[in-house]
Amino acid sequence: MEERKDHLWKVAQEVEERIDEMEKAGAAPAGIDVGTSKVVAARRRAKGIESASQLNAFIPVPYSRFTETILGQNEISYFREGSELVIFGSATEKFANMFNADVRRPMADGMVNPKEKMALPVLEAIIQTLLPKAKSQGEILAFSVPAAPTGKETELTYHEATLRHHFESMGYKATAINEGLAVIFSELEDNNFTGIGLSCGGGMCNGTLAFLSIPSIMFSIAKGGDYIDQAVGSVVGESATRVKVIKEEGLDLSRAPRDKFEKALHIYYDDLVESLVEALRRAISRAEKMPRSDRPLPIVIAGGSAKPRGFKELFERALKGRSMPIEIAGVRLAGDPLTATARGALIAAMYEK
Amino acid sequence: MGGSAKDRAGRPSAAAAEEYVAEVEAVGREIQDPVAKLRFLRSSLRDYPRLAPVDGVPSGRARRILYRWASLESLRGLSAREPQAAGGPGARRKVLVSRAAAALTLLLAAGRLVMGLAALVVVFAVGSAAYRHARPNADPVMASVPGSASVGPVALPPRAGLAPASVWLVEMGAGFELYSNGLRIDNTYEVGGEPRRFRVFDRTSGLRGEMQSRPVGILFHTSESDVWPLEAAYNETLRDSTQRLLRYVRRNHLYNYVVDRFGRVYRVVEEETKANHAGHSVWTRGDEVYLSLNSAFLGVSFETRWEGGHALPITQAQFLAGRNLSDYLRARWAIAADMCVAHGLTSVNPKKHLIGHHVDWARGFPFEAFGLPDQYSRPAPAVVVFGFGYDEDFLKVMGEPWPGVREAERALSEEAARAGRSLEDLRRERQQLYDRWLGEQSQAEEATASGRAEPAPAGPAGG
């Protein structure tokens, strides 16, 4: 118990320190990746791009003065809502593990969760821990939005408008950027922003094919890390939160599964990747206006769900098993899969400046 | 590739577009800055229709040269607006000069880097030495008898030895103040708060007195924070835990003073200003009634958890430091002994009219050893003046109320009997009085804040 508290503090402290540094960066364009699982902010500093992230999750606990003091003393993000203390951000997962409960999410399937009454207050609180109010009215900020899954176009409109309104209330001039395009901006600069960017997040996977930075194809599938966590959790009898923790502790998809837990993870990762590659193939096949290019296009994959070892190879195998309408130059993972979208959003913000 | 690539409508053909794009890409690859590259690519694509005349040039080689030139011109235009793009190939004609300048710049930068690193090493070495000097090694010197490191019930030290005639400031240095009674106050965490402004209700007339700005009492708290075993093995954790607590207290302006487990006294919120320590609370002195004690009382918190108060929950060092602090504050602000009280004895729930909303030090504060009257036996003001009660939750924590609550209940019953009224009726009347006075106080505070006139007082407490 004591060790856990200490660990909580360390998690919170690391985030605080990085956020402090970002705040000191002062008035500058900002990029923010508002993902189902994580919110990541990026800003440019003298020594390069600085990023900080918070878990996009929360867990309410009953109010008591002791609990409140412990949270405050350990610099854990929370706010009080009636008779509850709402713990949010990076410490949430640790608390969920302590109480053996599932975390709650302000977002689902890449967009603001309409079924979660605490969605907006929590999301706003999380954003505010990463992003100070604009120092001068009209600072540029670019935020990521997913490509609308079929039939969810109106929900995307609501999601984008909600975020834009919030950022504008913080003094920013906000502009939305597609997630996949943000990955292209951050990772395919050497290729003149030409290629395919995939972002495998918690709620969904997004893909964009761009030619010289101009997006031609955008698509998404409503499967991501959460889908794997829930599916594996239901078959092995664990909470999704616990599955996520174990998964992030070092899943290796290149190795044969050692137990039923890993076996289930392999199965659902296979399913996710197959779905993604099929969605990519279908999107390119159906595209009416594809840029003429004889060159093979590179694919770059970002997002937290692409982090397990062996993910790239799994994707390559799925790609080889299908006849793609275009030639693929190769597949690679983003340098830092977790921050790629936020860094791309930052480039978009700097472009808009 | 030698002929014209224009279609019948006069638009550039697909082949011409490919030629143009190839040249744009070639130029784009030379640009190092991603934002400049993005601007260049997008502006080049936007400008393409304007280059239709180039499509009519019969020679493929000439067309490509013209496209390249157009791209470079486009980049030059962007470079003028964007300094980060200036290193691009737009200045290719000046390539030799640029390269020489770049090499020179690189050399100078390398020299500065080496100098900077050397300076950094020196600063780090000096800083480390100073740090080690200022903060000794984490391994503590074992001064206690082995095996007796844990804290048991403490024997309260008598006030032996020669005491100073008064408490005065002996010495002040960077980050500390030393007083004649041995009190050492660390003020490195000190911050200012809101000014103290409060009025006192007169119990018989119901009138509020003049606006006051000097503290008239001390409220003792427990921090209810993480408490680690007072053992050498936890030394670093104990120290870090206190630092985190102090940062939290400072951020939220929670107390005027914090006494840590090693007996160090930290001033956090300036004494002249109020801290957010008391919440809804009630205390009296004679006919003077004080509500919501943030402004009127200084907040002194001991880093500990109260946990029922059956054993003294503070260390010996905290006890001695707390007593010295209490003496100093009483001397400085002329605070009467009966105005030094524990938070748990004053805290109320205004909506439910219950005492014991917070219960820190509701039992077990060493009043006598602090040279203070036993406040536990004093009739509880919230009960006798405002008819407050308590509920099952209170009894679960406390077992039974402190003696002053029973005493206050007895006084209230006798008063009801004398007036020929039911106890419940009297309680209700007193509770309504509290509501009125609290509302009045809130309105007065709001009015003061906005510069309006304060509302008139509501009337006496009766009885």
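Trainee: Which residue of β13(A) stands opposite A:A210?
Mentor: Keep in mind that this is a predicted model. Strand β12 (residues 205–211) of chain A and strand β13 (residues 214–221) of chain A run antiparallel and are joined by seven bridges. Within that pairing, the residue opposite A:A210 is A:P215.

Trainee: And in the hairpin of β12(A) and β13(A), which residue takes a positive phi?
Mentor: Look at the turn, where two residues sit between the strands. One of them has a phi near 50 degrees, and that's A:L212.

Trainee: Where in chain A is confidence lowest?
Mentor: Chain A has a mean pLDDT of 87, with 91% of its residues at 70 or more. At the top end, helix α6 (residues 179–187) of chain A has a mean of 97. Over residues 1–14 of chain A, though, the pLDDT is below 50, and this stretch has 21 contacts in the model beyond near neighbours in sequence. The lowest mean, 44, belongs to helix α1 (residues 2–24) of chain A.

Trainee: What gives the largest share of the side of chain A that touches chain B?
Mentor: On that interface, 20 residues of chain A are in contact with 22 residues of chain B. Two or more residues each come from α1, α2 (65–73) and α11 (340–352) of chain A. The chain A side divides into nine nonpolar, six polar and five charged residues. The largest share, six residues, comes from α2(A).

Trainee: Which strands are the edges of the open sheet with the order β4-β6-β5 in chain A?
Mentor: This sheet has three strands with antiparallel pairing. Neighbouring strands in the sheet are turned by 25 degrees against each other on average, direction ignored. An edge strand here pairs on one side only, and that description fits β4 (58–62) and β5 (78–81) of chain A.

Trainee: What is the bridge partner of A:F58 in β6(A)?
Mentor: β4(A) and strand β6 (residues 84–88) of chain A run antiparallel, with five bridges joining them. In β6(A), the partner of A:F58 is A:F88.

Trainee: Which helix runs at about 50 degrees to β6(A)?
Mentor: α2(A) lies across β4, β5 and β6 of chain A, but its angle to β6(A) is about 20 degrees. Another helix also lies across β4, β5 and β6 of chain A, and this one runs at about 50 degrees to β6(A): helix α4 (residues 119–130) of chain A.

Trainee: How many residues of chain A are there, and what share is buried?
Mentor: Chain A holds eleven helices and 15 strands. Among its contacts between residues at least 6 apart in sequence, 71% join residues at least 24 apart. Of its 353 residues, the buried share is 48%.

Trainee: Over to chain B: how far does helix α6 (residues 316–333) reach from its first C-alpha to its last?
Mentor: The helix has 18 residues. At 1.5 Å a residue, the expected span is 26 Å, and the model comes close to that, at 26 Å.

Trainee: What covers the buried residues of α6(B)?
Mentor: The buried residues of α6(B) include B:F319, B:L325, B:Y328 and B:L329, and charged ones such as B:R323 and B:D327 are among them too. The cover includes β2 (176–179), β6 (217–222), β7 (257–259), β8 (265–267), β12 (297–302) and β13 (340–342) of chain B.

Trainee: Which residue takes a positive phi just after α6(B)?
Mentor: Go just past the end of the helix. There, with a phi of about 55 degrees, you'll find B:A334.

Conventions: Residues are numbered from 1 along each chain as its sequence is written. Chains are lettered from A and ligands numbered from 1 in the order in which they are written. This is a predicted model: local features need pLDDT of at least 70, side-chain atom pairs count only at pLDDT 80 or more; totals for chains, interfaces and linings use all residues. pLDDT is the predictor's confidence in each residue, from 0 to 100. Helices (H or I, at least four residues) and strands (E, at least two) are DSSP runs, numbered from the N terminus. Two residues are in contact if their C-beta atoms, placed from the backbone, lie within 7 Å. Two strands pair if DSSP finds at least two bridges between them. A residue is buried if 20 or more other C-beta atoms lie within 10 Å of its own, exposed if 12 or fewer, and partly exposed in between; C-beta atoms are placed from the backbone. The expected span of a helix is 1.5 Å times one less than its number of residues. Axes are lines fitted to C-alpha atoms, for helices over the stretch in contact, and angles run from 0 to 180 degrees between N-to-C directions.
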